[in-house]
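Reader: I have a sequence and a model open at the bench. Walk me through them, one question at a time.

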Amino acid sequence: MTNAAAATLPPESAEWTLPSRRKIAVVCLICTEAALFTIFVVAYLFYLGKSVTGPSPAAELEIPVRSTICLLSSSLTIVLAERAFRREYTGGFRLWWLITILLAVEFLRSTACEWQRLLTTHQLTISTNLFGTTFYSLIGLHASHVTVGLILLVLVLILSLRGHVEQAHAEHLEMLSWYWHFVDAVWVVVFTVVYLIGR
């Protein structure tokens, strides 16, 4: 082999390696969940306006501006928490992580208030009509994913306060952050379909 040919070969350190199994697993989870949400969104759109009895989305739904701002802001706060963690700024990490948790709690509280209003004031249940069925199914599916993410966020904060979250766990936090960004991105779709297009 000539010197010129040897010089064009990439160094061994530049060889491609598989991503971690954890990252592959989370990507597969997100793809599966995206397919599930797609089915629910398509069902909502398919049955939109096909209820033979009221109430209807236009008459009952109010646009959840505040809760949407809270949830989308939580994507920023979790990024700031990750950044503080990488810089080994424990106090900043815990603060931003806690703010992310509080924003998620406010989102779920707002969702619960909306459901209470629809159930008590407008008597809209999951069995009232097609709108009720598809609405509670889609919004409930998303709320359940937010709840799972919230549980994980709280668990991480508790472990951090006990001193059990170290730099070796950076990838774990990154994967949780990926999941949280996915939940937020799904809400953009759900919000658009249910509260903008669907009205």
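Reader: Start with a loop residue. Is Glu88 buried or exposed?

Author: This is a predicted model. Glu88 sits in the loop between H4 and H5. Its relative accessible area is 59%. Exposed means over 50%, so Glu88 is exposed.

Reader: What is the sign of phi at Glu88?

Author: Most residues other than glycine have a negative phi. Glu88 is not a glycine, yet its phi is about 60°. The sign is positive.

Reader: Which loop holds Gln123, and what is its phi?

Author: Gln123 lies in the loop between H5 and H6. At 48% relative accessibility, Gln123 is partly exposed. Gln123 is not a glycine either, and its phi is positive, at about 50°.

Reader: Which two residues does a cis peptide bond join?

Author: Most peptide bonds are trans. Here one bond has an omega of about 0°. Its proline, Pro55, is in the loop between H2 and helix H3 (57-60). The cis bond joins Gly54 and Pro55.

Reader: Step back. How many helices and how many strands does the protein have?

Author: Read from the N terminus, the elements run α-α-α-α-α-α-α. No strand appears in that order. The count is seven helices and zero strands.

Reader: Why is the protein called more spread out than a compact globule?

Author: The globule rule gives 16 Å for 199 residues. The radius of gyration is well over that, so the protein is more spread out than a compact globule. The C-alpha trace spans about 80 × 45 × 20 Å along its principal axes. The radius of gyration itself is 22 Å.

Reader: What share of contacts comes from residues 24 or more positions apart?

Author: Take the contacts with a separation of 6 or more. Among these, residues 24 or more positions apart account for 81%.

Reader: What part of the exposed area do carbon and sulfur atoms supply?

Author: The protein exposes about 11,300 Å². Buried residues make up 39% of the 199 residues. Of the exposed area, carbon and sulfur atoms supply 67%.

Reader: How far apart are the centres of the positive and negative side chains?

Author: There are 13 positive and 13 negative side chains. Each set has its own centre. The two centres lie 5 Å apart.

Reader: Which element gives the most to the largest nonpolar core?

Author: In soluble globular proteins, nonpolar side chains tend to be buried together. The largest core here has 46 residues, and Trp97, Phe135 and Val194 touch the most other members. Helices H2 (21-47), H4 (65-86), H5 (90-120), H6 (130-161) and H7 (170-197) each give two or more residues to this core. The most, 14 residues, come from H7.

Reader: Which residues does Trp97 touch, beyond those up to four places away in sequence?

Author: Trp97 is a member of that core. Set aside the residues up to four places away in sequence. Trp97 then touches Ile78, Ala81, Leu153, Val156, Leu157, Leu173 and Leu176.

Reader: Now Ser160. Is Ser160 buried or exposed?

Author: Ser160 is in helix H6. Leaving aside neighbours within four places in sequence, Ser160 is in contact with Phe93, Arg94 and Val165. Its relative accessible area is 4%. Under 20% counts as buried, so Ser160 is buried.

Reader: How far in space is His164 from Thr128?

Author: His164 lies in the loop between H6 and H7. It is partly exposed, with a relative accessible area of 47%. His164 touches Leu159 and His169, not counting residues up to four places away in sequence. Thr128 is 36 residues from His164 in sequence, and the C-alpha to C-alpha distance is 48 Å.

Reader: And Ala185: how far is it from Leu72 in space?

Author: Ala185 is in helix H7. Its relative accessible area is 43%, so Ala185 is partly exposed. Ala185 and Leu72 are 113 residues apart in sequence. From C-alpha to C-alpha, the distance is 8.3 Å.

Reader: Last one. How far is Gln116 from Tyr195 in space?

Author: Gln116 belongs to helix H5. With a relative accessible area of 51%, Gln116 is exposed. In sequence, Gln116 and Tyr195 are 79 residues apart. In space, C-alpha to C-alpha, they are 17 Å apart.

Methods: Residues are numbered from 1 along each chain as its sequence is written. This is a predicted model: local features need pLDDT of at least 70, side-chain atom pairs count only at pLDDT 80 or more; totals for chains, interfaces and linings use all residues. Side-chain values use heavy atoms; hydrogens and water are left out. Helices (H or I, at least four residues) and strands (E, at least two) are DSSP runs, numbered from the N terminus. The radius of gyration is taken over C-alpha atoms; the globule rule is 2.2 Å times the number of residues to the power 0.38. Buried means under 20% relative accessible area, exposed over 50%, partly exposed in between (1.4 Å probe, protein chains only). Contact means heavy atoms within 4.5 Å. Accessible areas come from the Shrake-Rupley method with a 1.4 Å probe; for residues, only the protein chains shown count as cover. Lys and Arg count as positive and Asp and Glu as negative; His and the chain ends are not counted. The place of a charge is taken as NZ of Lys, CZ of Arg, CG of Asp or CD of Glu. A nonpolar core is a set of buried Ala, Val, Leu, Ile, Met, Phe, Trp, Tyr and Cys residues joined through side-chain atoms within 4.5 Å.
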